[in-house]
Amino acid sequence: MSHLKVNLAVYRLHEFSKLGNTVHGFSTRQFYPLTVRDLWQRTPVALQFASQVGFDLEKVVAMDQVHGDRIAMVDSKDTGKLIGKTDGLVTREKGVYLAIKTADCAPLLFYEIQKQIIAVAHAGWKGVLKKIAGKVVHKMKDEFGADTSQILVGIGPTIGACCYHITRERLDLFKTELGADLTVYSSRKKQIFLDLPLMIIKQLVKAGIKESNIENGAICTVCFSQKFYSRRADMARYGKLQGEIIGILGMRRQINDSFQ
Ligand SMILES: [Zn+2]
């Protein structure tokens with residue numbers, strides 16, 4: 001826990017925090033109970049989370065996530081809605097806040113700085129197999145003419161290669177779908193470990209994102225399970241998942257950013 005501030009209630013990505021006109025944050029266990037529905041119901045915990053991150057609870061759009069690859073375009077008409085069977089959201093409307101829930105799967109944040117487009121995506125192992133990260137980039141390009149060289153991507157708290165052991169059957173699925181890239185998995189103590197964030201980074205680079213524009217938060221939800229909800233750690237410790245990490249990304253209505 002040494003490099004993580006112990007009293008940190010909202011976790012933020014370093015590079016995204018430098019951007020003056022975006023608002024983002026991930027909830028920690030300190031916010032309990034907190035679901036996306038609680039955001040619209042303005043529960044006391046939701047109010048506390050919104051005030052610490054700095055977003056408007058009534059302007060949130062969330063997804064009914066299904067480990068798929070459907071990506072929805074949303075705007076202010078969708079605020080207060082749970083978009084069905086969707087694992088990615090894209091908007092260019094300022095003041096709309098995109099929500100994502102995870103607990104070991106990767107929460108991804110996207111920001112196209114020139115044309116002012118944001119997106120979020122939920123990428124667990126199924127989403128990675130379906131290449132959702134790259135599909136979000138293509139959606140941003142196709143729908144709004146995003147320039148890939150201007151897209152910054154952030155990977156929030158995700159199970160790391162240190163803790164994500166998988167079965168040989170699952171490994172075979174990845175090999176079939178994504179090729180036998182030896183850098184994304186390793187073997188220790190007769191177990192196979194998959195590096196989900198690295199796979200996502202590789203897919204993003206393939207989709208045209210500069211590697212230097214990808215910020216991997218590199219916080220493992222299992223190693224830091226005292227701070228973050230983790231499906232694997234919670235199942236081992238309590239027999240059930242205790243809650244989920246809520247991630248938020250939105251654009252403010254003013255202030256311009258520039259990077260590189
Ligand atoms: Zn770990």
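This is a conversation between a trainee and a mentor about the structure above.

Trainee: What should I know about this model before we start?
Mentor: This is a predicted model, where local features need pLDDT of at least 70, side-chain atom pairs count only at pLDDT 80 or more, and totals for chains, interfaces and linings use all residues. Residues are numbered from 1 along each chain as its sequence is written.

Trainee: How do you know how many helices and strands the protein has?
Mentor: Helices (H or I, at least four residues) and strands (E, at least two) are DSSP runs, numbered from the N terminus. The protein has eight helices and 15 strands.

Trainee: What makes the radius of gyration agree with a compact globule?
Mentor: The radius of gyration is taken over C-alpha atoms, and the globule rule is 2.2 Å times the number of residues to the power 0.38. With 260 residues, that gives a value near 18 Å for a compact globule; the protein has 17 Å, so the two agree. The C-alpha trace spans about 55 × 40 × 35 Å along its principal axes.

Trainee: Why is Q203 called buried?
Mentor: A residue is buried if 20 or more other C-beta atoms lie within 10 Å of its own, exposed if 12 or fewer, and partly exposed in between, with C-beta atoms placed from the backbone. Q203 has 20 other C-beta atoms within 10 Å, so Q203 is buried. You will find Q203 in helix α7. The buried residues of α7 (residues 196-206) are L196, P197, M199, I200, K202, Q203 and L204. Just after α7 comes G208, with a positive phi near 105°. Across the protein, 45% of the 260 residues count as buried.

Trainee: Which residues does Q203 touch, not counting residues up to four places away in sequence?
Mentor: Two residues are in contact if their C-beta atoms, placed from the backbone, lie within 7 Å. With those sequence neighbours left out, Q203 touches K131, A133 and G134. S51 is another matter: its C-alpha atom and that of Q203 are separated by 34 Å, and the two residues are 152 residues apart along the chain. In the protein, residues 24 or more positions apart account for 65% of the contacts with a separation of 6 or more.

Trainee: What makes a set of residues a nonpolar core?
Mentor: The set must consist of buried Ala, Val, Leu, Ile, Met, Phe, Trp, Tyr and Cys residues joined through C-beta atoms within 7 Å. The largest such core has 76 residues, of which A99, L108, F110, A119, V136 and I200 touch the most other members. The largest share of this core, six residues, comes from β9. Leaving out residues up to four places away in sequence, V136 touches I71, G88, V90, F110, A119 and A121.

Trainee: How do you know that β6 pairs with β4 and β9?
Mentor: Two strands pair if DSSP finds at least two bridges between them. Strand β4 (residues 71-73) and β6 have three bridges, in the parallel sense, and A72 stands opposite L89 in β6. Four bridges join β6 to strand β9 (residues 117-123), and these two run antiparallel. There, T91 stands opposite I118 in β9.

Trainee: What makes you say that both faces of β6 are covered?
Mentor: In a regular strand the side chains alternate between the two faces of the sheet. In β6 (residues 88-91), G88 and V90 lie on one side and L89 and T91 on the other, and all are buried.

Trainee: Why are β11 and β12 called edge strands?
Mentor: Three strands form an open sheet in the order β11-β13-β12, with antiparallel pairing. The strands β11 (165-166) and β12 (185-188) each pair on one side only. Four bridges join β12 to β13 (residues 191-194), and Y185 stands opposite L194 in β13.

Trainee: What makes the buried residues of α8 lie on the same side?
Mentor: The buried residues of helix α8 (residues 231-238) are R231, A233 and D234. They cover an arc of only 165° around the axis, which puts them on the same side of α8. That arc is taken from the directions from the helix axis to the C-beta atoms. After α8 comes G239, whose phi is positive, near 80°.
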